[in-house]
Amino acid sequence: MKVLICGIGSIGSSLIHYLSLYYEIVAIDQDAEALERISSVYDVQTIRGSASDPRILEQADLNTHSYVLGVTQWDEVNLVACYLSHLFGGVTTMARLENKAYFQDTFSSSLSKYFELNYSFSSHLVSTSCILASLDYPYCFDAFPVFNGAAMVLGIKMTPSHPWVGKTVADVKHSSGVQLIRIMAHHNHWIPSLTDVLGADDAVYGVVGVADIPSLNALHDFSNQKKAILCLGSSPILFSFLPYAVSRGLSITLLSDNEEDLLAASQRFPGIQLIQGPYNDPKLLKTALKDQDTVISMGPSDEHNILAAVMAHSYGIKHTMACIKNLHYLSPLCVRGVNQMIHSGPRIVMEILKKITQQEDAWVYPLQGMATGMVIQAYVRPASKMAGTLCQDWQEDRWRIMALYRNDTLIWNPDTIDAGDHILATALPEGYEVFQHALVVPPSKNEPVSAFPDSK
């Protein structure tokens, strides 16, 4: 099966990384250097030009089994690329759209119909879901559910006073029910062993069952009822976030120098407090922080968002978030003073992979972008190499099975793998291909070729 990726920014390049193992990839972009970087690493066809040019699309040689992913930074290019692709066959199309008007009821259904879109997504809508998760887990730099909500994967940054500092991985599991799946320290990251000891500057990913979340919250002296939020700057993320914030009964103050956005916010949400001025001005920011307990920087500039969040932290705000576009800022070890970096890329990649593989119960979630590795939830098919085997036969340094979900039961440190199990695994970047080959299903009349259907 062929996948045409229009635009190879952070989302496009991440998709190439995960899809190139099993699918025939064609990448279109106008940046010759970016195309050269991609082709030097992956076995993909590259085409230089605009994805909205039919002559360029024709070179991709699409067919009825193709997927077209419009993930450039321009909505118009993504829409036209998806629309024109239907001229070359009954392809399946997905488009990134950042204009919030496209998702209003008056446009959304007509847009999908007339542009023949099978699926559309927006980074600001995804970022809003990340912000809401961050409000529920303010001591985490990342949080997402697994096994249909039976467990959570949480990213937690160590501080010198954190109770896990000096503890082993086994101690953490025994005292809090959290099974650590990744440790990040300085420029290193690895899958931990039970005897690894956590340091004051480490960041960790762990899996915890829903039954143990209350004790984990208590460990961090955490109340998820955040009430007073200062929003800094304005962007589409702001207007995506405000309806959810207001519906939760949160007290919202908006500090921005964009008069048009301030007016629009006051008209749509008359209960919020407005302050006009640059949100990275130290004096103005200090005044606006009165009686606030959470700060979210959501302006158009990564640098201004990070600077404002760091300043808010220096003024005593414990819970700070910064919305970013650059994946290189995403590491929890990158910037001190910002609790959570909000980036839509990993979740968008996960959702697109689910759509392409047509498996809602099997997905890949990139941890802190592409370079740190991933968490994988996978379904064990009856003919899989793993079915009916021992877990210990599949453990290695590059990837590891951390838990199973079997008959609505979460199983830690399982002994065997059965058909029908859901696996939760963690993999280093170099372990992804090894893990996928372990899941491969041999061809038969009743089973698809691999765990990911329509493989090449």
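This text walks through a pocket, a helix and a strand pair in a predicted model.

Start with the empty space. Rolling a probe the size of a water molecule over the atoms shows where empty space is left. The second largest pocket has a volume of about 810 Å³. Its lining is made up of 36 residues. Thr72, Gln73, Arg96, Glu98 and Lys325 lie nearest the centre of this pocket. Several elements give two or more residues to the lining: α1 (10-19), β2 (24-29), α6 (123-136), α9 (236-247) and α12 (302-314). The largest share, three residues, comes from α6. What classes of residue line the pocket? There are 14 nonpolar, 16 polar and six charged residues.

Now turn to helix α13, residues 345-357. How far apart should its ends be? Its 13 residues, at 1.5 Å a residue, should span 18 Å. The end C-alpha atoms are 18 Å apart, so the model agrees with the expected span. Helix α13 is mostly covered, with eleven of its 13 residues buried. Among them are Ile348, Val349, Ile352, Leu353 and Ile356. The charged side is represented too: Arg347 and Lys354 are buried. Just after α13 comes Gln358, with a positive phi of about 60°.

Finally, look at the strands. Is strand β7, residues 140-146, mostly covered or mostly open? It is mostly covered: six of its seven residues are buried. Strand β8 covers residues 151-157, and six bridges join β7 to β8. The two strands run antiparallel. One bridge pairs Ala143 with Leu154 in β8. Four residues lie between the strands of this hairpin. There, Phe147 takes a positive phi near 55°.

Key. Residues are numbered from 1 along each chain as its sequence is written. This is a predicted model: local features need pLDDT of at least 70, side-chain atom pairs count only at pLDDT 80 or more; totals for chains, interfaces and linings use all residues. Side-chain values use heavy atoms; hydrogens and water are left out. On a 1 Å grid over the protein atoms alone, a cavity is a set of points where a 1.4 Å probe fits but cannot get out, and a pocket is an open set with protein on both sides within 12 Å along at least five of seven lines; lining residues have an atom within 4 Å of a point. Grid points are joined across faces, edges and corners, and a volume is the space filled by probe spheres set on the points. Ala, Val, Leu, Ile, Met, Phe, Trp, Tyr, Cys and Pro count as nonpolar, Asp, Glu, Lys and Arg as charged, and the others, Gly among them, as polar. The expected span of a helix is 1.5 Å times one less than its number of residues. Buried means under 20% relative accessible area, exposed over 50%, partly exposed in between (1.4 Å probe, protein chains only). Two strands pair if DSSP finds at least two bridges between them.
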